[in-house]
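Please look over the structure below. This report walks through its packing and strand pairing.

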Amino acid sequence: MRRVSLDIPIPTESNDDDYSGSPEGDLREFVVPLTLAGLRLDAALAGLLPEFSRSRLQTWIRDGRVCSDGQTLHDVRARMRGGERLQLWIQADPALQTAEPEPIPLQIEFEDEHIIVINKPAGLVVHPGSGNWTGTLLNGLLAHDPALATVPRAGIVHRLDKDTSGLMVVARTLAAQTDLVRQLQARTVKRHYLAVVTGDTPASGVVDAPIDRHPTQRTRMAVVQGGREARTHFRVIERFAGACAVECVLETGRTHQIRVHMAHLGHPLIGDPVYAGRRTPPAVTRGFSRQALHAFQLGLVHPASGETMNWRISLAEDIEALLAALRGM
């Protein structure tokens with residue numbers, strides 16, 4: 001198996017502003033045009049390099065990867081006069097330095113030279129991390145398209161939890177990734193989920209409750225005053241004895257958002273091992289081994305053509321079986 005190696009060290013930051021050595025990486029050089037005079041350094045770079053997000057450029061500035069006239073620039077707020085000669089050393093994604101391609105089967109709903117839309121099965125971790133350094137979607141993507149090793153996070157722009165199934169989009173180029181991230185930030189990407197929850201929920205509504213790390217259980221998320229803005233729209237699709245099938249539409253995309261918001265309403269997802277609390281689900285559902293959540297519809301603007309695109313898939317087989325069991329009660 002070929003190992004992907006993008007071993008690009010980050011230079012040690014000195015205490016003075018004198019540039020004392022070139023970082024490793026892909027060097028870009030350009031002159032700041034007068035039309036960008038007065039802008040902050042990060043904003044000027046974003047105008048010169050639209051394929052990179054502002055946050056990524058800010059990180060590279062703070063890491064000492066931007067030089068002007070022999071000096072390293074660390075202040076993202078430094079104002080440009082126009083005419084500066086800038087050098088930027090582009091850093092490869094450190095998360096891919098040791099990632100290996102693995103022949104993991106991928107159910108691809110759509111792909112072209114810009115994006116891939118995948119139907120992720122439950123049980124597949126999206127990105128390597130603690131306890132899951134191999135066997136992830138990222139490893140499978142590197143095997144499917146080795147060129148993704150040049151795109152941060154192998155093109156992954158949003159995630160599904162390990163035990164959530166359904167649609168995800170992956171970017172195949174830096175430009176496509178930056179465009180999709182901006183669409184997510186602008187909340188124009190449409191993500192629809194089917195959740196099976198306990199209890200009898202209202203017919204429809206909006207959960208507008210901020211989410212952040214649980215104050216004492218750091219592996220969990222929670223509704224926390226002063227947390228990050230989070231908003232979920234929901235409507236009941238079908239009612240059962242002691243449960244409902246609910247369509248959830250994300251307006252924001254926080255970690256575990258639907259799971260946390262539905263539990264906050266008092267209607268946790270069936271099978272959720274983290275947020276179920278003391279709510280007792282119907283007896284026929286107690287063998288369901290994951291949170292009952294499936295991303296069945298995805299809509300976005302194609303990053304190259306500008307075309308509005310939508311995908312809709314069938315429910316996962318285990319969720320179909322769960323609904324059948326509830327209907328048979």
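The sections below cover the nonpolar cores, one enclosed strand and one buried polar residue.

## Basis

This is a predicted model. Residue numbers run from 1 along each chain as its sequence is written.

## Two nonpolar cores

The largest nonpolar core has 34 residues. L141, Y193, C248 and I258 have the most contacts inside it. Both helices and strands feed this core. Helix 3 (137–144) and helix 5 (257–264) each supply at least two residues. So do strand 6 (115–120), strand 7 (165–171), strand 8 (190–198), strand 12 (231–240), strand 13 (243–250) and strand 14 (293–301).

A second core is separate and has 19 residues. Among them are F30, L41, I61 and V76.

## Around L141

What does L141 touch, leaving aside residues up to four places away in sequence? The list is L106, I116, I118, L148, A154, I156 and V170.

## Strand 14 and its partners

Strand 14 has nine residues, and eight of them are buried. The strand is therefore largely enclosed by the rest of the structure. Its residues also help build the largest core, with at least two supplied.

Strand 14 pairs with strand 7 in the parallel sense, over two bridges. Here G166 has A295 as its bridge partner. Strand 8 runs antiparallel to strand 14, and six bridges join them. Y193 stands opposite A295 in strand 14. Y193 is also one of the residues with the most contacts inside the largest core. A295 thus appears in both pairings: as the bridge partner of G166 and opposite Y193.

## The hairpin to strand 15

Strand 15 covers residues 308–312. Five bridges join this strand to strand 14, and the two run antiparallel. V301 stands opposite T308 in strand 15.

The two strands form a hairpin, with six residues between them. G306 lies in the turn and has a positive phi of about 80°.

## Q257: a buried polar side chain

Is Q257 buried or exposed? Its relative accessibility is 2%, so Q257 counts as buried; the cut-off for buried is under 20%. Q257 is found in helix 5, which supplies at least two residues to the largest core.

Where does the side chain of Q257 make a polar contact? The partner is the side chain of T252, at 2.8 Å. T252 is also among the residues that Q257 touches, not counting those up to four places away in sequence. The others on that list are I211, A230, R231, T232 and L250.

Definitions and conventions. This is a predicted model: local features need pLDDT of at least 70, side-chain atom pairs count only at pLDDT 80 or more; totals for chains, interfaces and linings use all residues. Side-chain values use heavy atoms; hydrogens and water are left out. A nonpolar core is a set of buried Ala, Val, Leu, Ile, Met, Phe, Trp, Tyr and Cys residues joined through side-chain atoms within 4.5 Å. Buried means under 20% relative accessible area, exposed over 50%, partly exposed in between (1.4 Å probe, protein chains only). Helices (H or I, at least four residues) and strands (E, at least two) are DSSP runs, numbered from the N terminus. Contact means heavy atoms within 4.5 Å. Two strands pair if DSSP finds at least two bridges between them. A polar contact is a pair of N or O atoms within 3.5 Å; within protein, one must be able to donate a hydrogen and the other to accept it, and residues adjacent in sequence count only if both atoms are side-chain atoms.
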